[in-house]
Amino acid sequence: MKIGLSFDIDWAPEEMIEDTLNLLKGYPNVNATFFATHKSNALEKAGYEIGIHPNFKPLLMCESNKNFKEIIDELLDIYPESKRFRAHTLTTSTFILEYISQVGLKYESNCLLPYSKRLRIFNYVYGLVKIPFNFEDDVHFGFNYPFELKFLNMEHDDLFIFNFHPIHIYSNNATPEHYSNVKKKNHNPTEVIKHRNFECKGTRDLLIELLEFSSLNQIKIQSLYDLYLSFVRDQSLKSNLSI
Ligand SMILES: [Zn+2]
């Protein structure tokens, strides 16, 4: 079984990003990809793979004076080495895909297939590789599902890819109601921590359970780049074999 791990930082303040990074420390088997909406010194220092997480929502709502290329370029100016893409709210378009390919991005992870048992990485358009994912914390609490690994039935999966958000980890969100209370605190860490959920298992508990599971079972948790590399390697092996 292969397990991938990603985070969308979604404008989380540094304290919340550091909190997530601190949870990952101490698990040498764990790698991850962070999709960034803004500059984060903590993230850059931590050394994990960083992808861009542009927000096209203002453009869709006619509230932006920038076009889609400018929105992408702004983040690439901050993270010029980034080769990976996932849009906030998973906005997609062939225009976007063509452009990210032109500017040198290698893969996109813009498709959520909740709990899919047939998750696969595949070659996509414009020479990009597509890495769908099958778990997202806010979608999970939107369904009111329990935050326990056993609920996900991962044993029979070849590939399972998680996506978490530092805000939901920090506040241990477990329900939409809880999150709407947290949102009222304007993502202020000092205020949000007073409302961390201890009533039931939440996002933070699930992430910790996943980290412990990987450590106990010696299953490496991979970044999306790790998964991309093994996909590309398998592809070239297959094409060599067919010659
Ligand atoms: Zn997002």
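## Pockets, core and a few odd residues

D157 sits in the loop that runs between helix 6 (137-142) and strand 9; helices (H or I, at least four residues) and strands (E, at least two) are DSSP runs numbered from the N terminus. Keep in mind that this is a predicted model, where local features need pLDDT of at least 70, side-chain atom pairs count only at pLDDT 80 or more, and totals for chains, interfaces and linings use all residues. Residues are numbered from 1 along each chain as its sequence is written, and side-chain values use heavy atoms, with hydrogens and water left out.

**Around D157 and S116**

- D157 counts as buried because its relative accessibility is 3%; buried is under 20% relative accessible area, exposed is over 50%, and partly exposed is in between (1.4 Å probe, protein chains only).
- Not counting residues up to four places away in sequence, D157 touches M1, S116, K117 and L152, where contact is heavy atoms within 4.5 Å.
- One of those partners is far off along the chain: M1 and D157 are 156 residues apart in sequence, yet 6.2 Å apart in space, C-alpha to C-alpha.
- S116 belongs to the loop between strand 5 (107-108) and strand 6 (122-123).
- With a relative accessible area of 18%, S116 is buried too.
- Leaving aside neighbours within four places in sequence, S116 is in contact with N134 as well as D157.

**The largest pocket**

- The largest pocket holds about 290 Å³ of space.
- Its lining has 15 residues, and D10, H88, E136, D138 and H165 are the closest to the centre.
- Helix 7 (166-171) and helix 8 (176-183) are the elements that give two or more residues to this lining.
- By class, the lining of the largest pocket splits into 4 nonpolar, 6 polar and 5 charged residues.
- For the classes, Ala, Val, Leu, Ile, Met, Phe, Trp, Tyr, Cys and Pro count as nonpolar, Asp, Glu, Lys and Arg as charged, and the others, Gly among them, as polar.
- A pocket here is found on a 1 Å grid over the protein atoms alone: an open set of points where a 1.4 Å probe fits, with protein on both sides within 12 Å along at least five of seven lines, and lining residues have an atom within 4 Å of a point.
- Grid points are joined across faces, edges and corners, and the volume is the space filled by probe spheres set on the points.

**The second largest pocket**

- The volume of the second largest pocket is about 220 Å³.
- Its lining includes K2, L119, R120, I121, D158 and L159, along with L227, S230 and F231.
- Helix 11 (residues 224-241) contributes the most to this lining, giving 6 residues.
- The class split for the second largest pocket is 5 nonpolar, 2 polar and 5 charged.

**Nonpolar core and helix 1**

- The largest nonpolar core has 42 residues, and L5, F7, L24, F34, F162, F164 and L210 have the most contacts inside it.
- Among the elements that each supply at least two residues of this core are strand 1 (2-8), strand 2 (33-36), strand 9 (159-164) and helix 10 (203-216).
- Helix 1 gives the core its largest share, 5 residues.
- A core of this kind is a set of buried Ala, Val, Leu, Ile, Met, Phe, Trp, Tyr and Cys residues joined through side-chain atoms within 4.5 Å.
- In soluble globular proteins, nonpolar side chains tend to be buried together.
- The buried residues in helix 1 are M16, I17, D19, T20, L21, L23 and L24.
- Those buried helix 1 residues pack against strand 1, strand 2, helix 2, helix 7, helix 9 (189-193) and helix 10.

**Backbone oddities**

- D10 is not a glycine, but has a positive phi of about 40°.
- D10 is located in the loop between strand 1 and helix 1, and counts as buried at 13% relative accessibility.
- N172 is another residue other than glycine with a positive phi, near 55°.
- N172 lies in the loop between helix 7 and helix 8 and is buried, with a relative accessible area of 3%.
- G26 follows helix 1 and has a positive phi, near 90°.

**Cysteines and a proline**

- The disulfide count is 0, taking a disulfide as a pair of cysteine sulfur atoms within 2.5 Å.
- C62 counts as exposed at 73% relative accessibility, while C200 is partly exposed, with a relative accessible area of 39%.
- P58 is in helix 3 (residues 57-60) and counts as partly exposed at 26% relative accessibility.
- Leaving aside neighbours within four places in sequence, P58 is in contact with E63 and S64.
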